[in-house]
Amino acid sequence: MSLLSRWAHPHRHGGGFWFCGCSGLPIVPEGGGSTQGHRAPVILKGRRAPAIDVHAHCYFQAAIDLMGDEAKGVLPPVKGVQEHFLQMDLQLAARFAAMDRMGIDLQVLSINPFWYRKDRDTAAAICRIHNESLAELCARHPKRLAAFASLPMQAPELAVQMLDHAVRKLGLKGAAIGGSVAGRDFSHIEFHPVLAKAQELGAMLFIHPQSTPELAARFKGNGWLSNVIGNPLDTTIALQKLIFEGVFDAMPELKVLGAHGGGFLGSYAPRMDRGCFVSPQNCDPAIRLKKKPTQYIRQIYFDSLVFTGEALRHLAAEVGSGQIMIGTDHPIPWEDDPVGHVMATPELSDDDRVAILGGNAMRVLGLEI
């Protein structure tokens, strides 16, 4: 019996795992039209350009059950969640159909960390369910699914072991981590063994935030600011901490991917270069960066979830088209036409578009289509 079958709960929403929503909107490509819900493939430079979404999510009910009374806080308060507790095969068919409508060939699945405040054993059990289940899904559908592992980051030595196992034994492509561990930044020395292991393995660390909890009171009110501002802000803080605490100098081959276009980093990065000049007393003389702060963003990877062509054009100009990959946050309906988003972005060359659509993900994550 498979892991997915063994952890199924037929009495609970019809299955043991589920994808957390689906926009379900058909996408009609410019100048083409669609056939039976499929977005027409992109042909660039005489060849089909594969499309890979590196920011897509799912859940496993067995892992949520281990949260006990805290389980109700796991599910995001958004459209397209509760109605997707479906039988495994039905839900996979729905996921693949949604990918076809968007023109996505392969999704890299991840689970936004919800277990960082749990005890070590519970967190480890949750991550074990995730990693083994994700590996099984990817093994069954290697041309359509890949995945980032889950790690118990509150126990760094255990996270090192689980990352090694997930990459070497299970074939996962790295790990999804939060913006912090309950407010503890990943740039802190206690997490360096995890970062070092990721560098050793050549594995990606995908930073996906959980708002900025310290500002929860200010985010209250209209507009869902805990997400709209809180999520990109948390990613921005995490990335700037890695830069300013010298992590990228110590680990120059570390691969980090920032969700939601890397937050606000790409849109206001040059301010970093003036901070220590304007206020040297706020900068640690013991940390002497080898480069200007803005130069480090050229070794960070970013997803394309920035909504407009102008925003994506600017991100590419700041960080380089070789650092950007499609991200949708699917099945939360933030981006319904990720391929069209890239194709409509001004000032990108065909080579840029091929890279962002899927070439960068294939190169950096070792994916094949």
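In this predicted model, W224, V228, I229 and F264 together make a nonpolar surface patch of about 320 Å². One of its members, F264, sits in the loop that runs between strand 13 (255-258) and helix 11 (265-268). F264 counts as partly exposed because its relative accessibility is 36%.

The patch belongs to a chain of 369 residues, 55% of which are buried. The secondary structure amounts to 15 helices and 15 strands. About 16,100 Å² of the chain is exposed, and carbon and sulfur atoms contribute 54% of that area. Among the contacts with a separation of 6 or more, 78% join residues that lie 24 or more positions apart.

Helix 4 makes a handy check on geometry. With 21 residues (120-140) at 1.5 Å a residue, helix 4 should span 30 Å, and the 30 Å between its end C-alpha atoms agrees with this. At the start of helix 4, a side-chain oxygen of D119 comes to within 3.2 Å of the backbone nitrogen of D121.

Turning to charged pairs, the count of salt bridges comes to 14. In one of them, E70 pairs with K118, and the closest N and O atoms are 3.1 Å apart. Since E70 lies in the loop between helix 2 (61-65) and helix 3 (88-102), and K118 in the loop between strand 8 (106-110) and helix 4, this pair ties together parts that are 48 residues apart in sequence. The two partners are covered to unlike degrees: E70 is partly exposed, with a relative accessible area of 41%, whereas K118 is buried, at 17%.

Helix 4 also takes part in a salt bridge between the side chains of R120 and E157, with an N to O distance of 2.1 Å. R120 belongs to helix 4 and E157 to helix 5 (residues 156-168), so the pair ties together parts that are 37 residues apart in sequence. R120 is partly exposed, with a relative accessible area of 38%, and E157 is likewise partly exposed, at 42% relative accessibility.

A further salt bridge brings together the side chains of K241 and D185 (3.7 Å, N to O). Here too distant parts of the chain are linked: K241 is in helix 9 (residues 230-244), and D185 is 56 residues apart from it, in the loop between strand 11 (174-177) and helix 6 (192-201). K241 has a relative accessible area of 31% and is therefore partly exposed. Finally, D164, R168, K197 and E200 are joined into one network by salt bridges that share partners.

How values were computed
Residues numbered from 1 in each chain as written. Predicted model: local features only at pLDDT ≥ 70, side-chain atom pairs only at ≥ 80, totals over all residues. Heavy atoms only, no water. Patch = residues over 30% accessible without salt bridge, like charges linked within 9 Å, V, L, I, M, F, W, Y side chains within 5 Å. Areas by Shrake-Rupley, 256 points an atom, 1.4 Å probe, with all protein chains shown as cover. Salt bridge = Lys/Arg side-chain N within 4 Å of Asp/Glu carboxyl O. Helix = DSSP H or I, 4+ residues; strand = E, 2+ residues; numbered from the N terminus. Buried < 20%, exposed > 50% of the residue type's maximum accessible area, 1.4 Å probe, protein only. Expected span 1.5 Å × (residues − 1). Polar contact = N/O pair within 3.5 Å; in protein donor to acceptor, adjacent residues only side chain to side chain. Contact = heavy atoms within 4.5 Å.
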